[in-house]
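Please take a moment with the sequence and the model shown here, and then follow the text from one serine to the chain as a whole.

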Amino acid sequence: MQVYTGKPPGGVPEKNQGMRVVLDMSEGLQGHNITCDNFFTSYRLGVELQKRKLTMVGTIRKNKPELPSELLKMQGRTVHSSKFAFSENATVVSYCPKKNKNVLVMSTMHKDASLSAREDIKPQIILDYNSTKGGVDNLDKVTATYSCQRMTARWPLVIFYNIVDVSAYNAYVLWTEINQQWNGGKLYRRRLFLEELGKALITPKIQRRVRPPRSTAAASAVQKIQAGPSTHASNQPEMDPVDTGSGKKRKRCQLCPPRQDITLTPALIFQPQPRTQEREAPESCASDGIRC
């Protein structure tokens, strides 16, 4: 994995960055096919990979200068039609899945204009691309179901969250492949695996903890783990004690920051007061010019 942190201070923007990344990541490989999206795919990249005995399949952007203009024209194109362009090293197909829309795919692995027998008559190049590139989309989908990601403005944390999600899913795939009978009748095996994985990772830290948590429930859970398994067996599952707060003032959440507290002010009830009648000045005061 390579992390792009932007151009160096005072430097110039890097040209052909996509090709450079693919060549770096595929260093030492032979006899494989590289599937990439339109940010990386180019004719020059396909030629360089062929020198390393590698092939390439990927979508390509429409502004690439190596594309012939006939592949970009959409006037008169029928839906599910395909146009091919061949060169000595690569094959490009323009497939029309919808009206006035086309998909461009370049391949150095395919050398003919073979089409599938499906109803949409997709070219074999696109089917091979979907069968390999679809794994990336599927991984993003399954990791989003149970994810540890949180809102953050720090990009290193975003990368760390993704590494944890992918690593946990890879561990789940390996575990279920080795232990195929583990919770076989349940539909939420992955959630159970992640729960046990989290407990296995945090238990050594809890056992080495010196100071107990401030809340009663968390402190009792820590003490239970530090004490080890109970010596007596019981048919009833033990429940963690919960701090009911009886006889004590309710405290604020220890996890949420104070700036997120919401203070509710009770509505003030205004009761109309009887209006007092204005007092009239005595005639003697008014006649003498004295203020009352």
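A convenient place to begin in this predicted model is S26, which is found in the loop that runs between α1 (residues 17-25) and β1 (residues 33-36). Is S26 buried or exposed? Its relative accessibility is 3%, and because a residue counts as buried when this value is under 20%, S26 belongs to the buried residues. Its side chain has a polar atom that lies 2.7 Å from the backbone oxygen of V22. Once the neighbours within four places in sequence are left aside, the residues in contact with S26 are I34, L49, R52 and L54.

A second serine can be read in the same manner. S81 lies in a loop as well, namely the one between β2 (residues 55-59) and β3 (residues 82-86). With a relative accessible area of 15%, S81 is buried, since the cut-off for that term is a value under 20%. The side chain of S81 is joined to the side chain of R77 by a polar contact of 3.1 Å. If residues up to four places away in sequence are not counted, S81 touches S94, Y95 and C96.

From these loops we can turn to a pair of helices. How do α5 and α6 lie relative to each other? The axes of helix α5, which covers residues 189-207, and helix α6, which covers residues 216-227, come within 9 Å and cross at roughly 90°. Angles of 65 to 115 degrees count as roughly perpendicular, and therefore α5 and α6 are described as roughly perpendicular to each other. On the side of α5 the contact is made by T203, I206 and Q207, while α6 contributes V222, I225 and Q226. Sorted by character, the residues of this contact of α5 with α6 comprise three nonpolar and three polar ones, with no charged residue.

These details can now be placed within the whole chain. It has seven helices and five strands, and when the elements are read along the sequence they follow the pattern α-β-α-β-β-β-β-α-α-α-α-α. The chain holds 292 residues, of which 23% count as buried, and S26 and S81 are both buried. Among contacts between residues at least 6 apart in sequence, 39% join residues that are at least 24 apart. Finally, the accessible surface of the chain comes to about 22900 Å², and carbon and sulfur atoms account for 55% of that surface.

Note on methods
Residues are numbered from 1 along each chain as its sequence is written. This is a predicted model: local features need pLDDT of at least 70, side-chain atom pairs count only at pLDDT 80 or more; totals for chains, interfaces and linings use all residues. Side-chain values use heavy atoms; hydrogens and water are left out. Helices (H or I, at least four residues) and strands (E, at least two) are DSSP runs, numbered from the N terminus. Buried means under 20% relative accessible area, exposed over 50%, partly exposed in between (1.4 Å probe, protein chains only). Contact means heavy atoms within 4.5 Å. Accessible areas come from the Shrake-Rupley method with a 1.4 Å probe; for residues, only the protein chains shown count as cover. A polar contact is a pair of N or O atoms within 3.5 Å; within protein, one must be able to donate a hydrogen and the other to accept it, and residues adjacent in sequence count only if both atoms are side-chain atoms. Axes are lines fitted to C-alpha atoms, for helices over the stretch in contact, and angles run from 0 to 180 degrees between N-to-C directions. Angles under 35 degrees count as roughly parallel, over 145 as roughly antiparallel, 65 to 115 as roughly perpendicular and the rest as oblique. Ala, Val, Leu, Ile, Met, Phe, Trp, Tyr, Cys and Pro count as nonpolar, Asp, Glu, Lys and Arg as charged, and the others, Gly among them, as polar.
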